[in-house]
Amino acid sequence: MILGLALLVPLAFIVLALGQLPGTTFASPTLVSHQDASLAMIAKRPVVSSAEPPPTLMPPPPTPTPAATASQQAQATPTATPKGGQYTVQPGDELKHIAAEYNVSIFKIIAANDIPNPDSLKIGQVLKIPEN
């Protein structure tokens, strides 16, 4: 019984304290009345000063792009894929990338070079690249 009272008394004080705050569901209707000027300020949302969005929400202005000159246009043309020949293996090279660079099947490169394991390329190894 005493334990129950020890738990209920603080709970009652908390409910009474919350009931005194305006805008809570425990408050009496007279305290939340919008007729009171001081409480009406609390109950209303602030008025927006301008209809424009904040500057952080505006899209950035477009950046001007310079017109391409004739020399830049000539450099922009894609280079032709090399056909056949030889390739020296560099650090980090993989057979699939070499095949893609020369537009040749991996299996054609393996057959032309008698490679037992495609994962065993050695740096400096010269590969014969067959024509497509």
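**Close-up views of the model**

**View A. Glutamate 94, with a relative accessibility of 37%, counts as partly exposed in this predicted model.** Its side chain meets that of lysine 96 in a salt bridge, with a nitrogen-to-oxygen distance of 3.6 Å. Lysine 96 is likewise partly exposed, because its relative accessibility of 48% lies between the limits of 20% and 50% that bound this class. The structure holds one salt bridge, and the pair shown here forms it.

**View B. The buried residues of helix H4, which spans residues 95–102, are Leu95, Ile98, Ala99 and Tyr102.** When H4 is viewed down its axis, these buried residues fall within an arc of 100°, and they therefore line one face of the helix. The general geometry fits this picture, since an α-helix has 3.6 residues a turn, so that residues three or four places apart point the same way. The buried residues of H4 pack against three elements, namely strand S1 (85–88), helix H5 (106–113) and strand S2 (126–129).

**View C. Isoleucine 98, one of the buried residues of H4, is shown with the residues that it touches.** Leaving aside residues up to four places away in sequence, isoleucine 98 touches Tyr87, Asp93, Ile109, Leu121, Leu127 and Ile129.

**View D. The largest nonpolar core has 13 residues.** Those that touch the most other members are Leu95, Ile98, Tyr102, Ile109, Leu121, Leu127 and Ile129. H4, H5 and S2 are the elements that give two or more residues to this core, and the largest share, four residues, comes from H4. In the chain as a whole, buried residues make up 14% of the 132 residues.

**View E. Asparagine 103, just after H4, takes a positive phi of about 55°.** This residue is found in the loop between H4 and H5, and it is partly exposed, with a relative accessible area of 46%. As background, most residues other than glycine have a negative phi.

**View F. Aspartate 114, found in the loop between H5 and S2, has a phi near 50°, a positive value in a residue other than glycine.** Aspartate 114 counts as exposed, because its relative accessibility of 68% is over the 50% limit for that class.

**View G. The chain as a whole comprises five helices and two strands.** Read along the sequence, these elements follow the pattern α-α-α-β-α-α-β. Among contacts in the chain with a separation of 6 or more, 41% are accounted for by residues 24 or more positions apart. The accessible surface of the chain comes to about 11,100 Å², and carbon and sulfur atoms account for 65% of that surface.

**View H. Confidence in the chain is lowest in helix H2 (residues 37–43), where the mean pLDDT is 52, and highest in strand S2, at 93.** Over residues 76–80 the pLDDT is below 50, and in the model this stretch has zero contacts beyond near neighbours in sequence. The chain averages a pLDDT of 74, with 60% of the residues scoring at least 70.

Conventions: Residues are numbered from 1 along each chain as its sequence is written. This is a predicted model: local features need pLDDT of at least 70, side-chain atom pairs count only at pLDDT 80 or more; totals for chains, interfaces and linings use all residues. Side-chain values use heavy atoms; hydrogens and water are left out. Buried means under 20% relative accessible area, exposed over 50%, partly exposed in between (1.4 Å probe, protein chains only). The arc is that of the directions from the helix axis to the C-beta atoms. Contact means heavy atoms within 4.5 Å. pLDDT is the predictor's confidence in each residue, from 0 to 100. A nonpolar core is a set of buried Ala, Val, Leu, Ile, Met, Phe, Trp, Tyr and Cys residues joined through side-chain atoms within 4.5 Å. Accessible areas come from the Shrake-Rupley method with a 1.4 Å probe; for residues, only the protein chains shown count as cover. A salt bridge is a side-chain nitrogen of Lys or Arg within 4 Å of a carboxyl oxygen of Asp or Glu.
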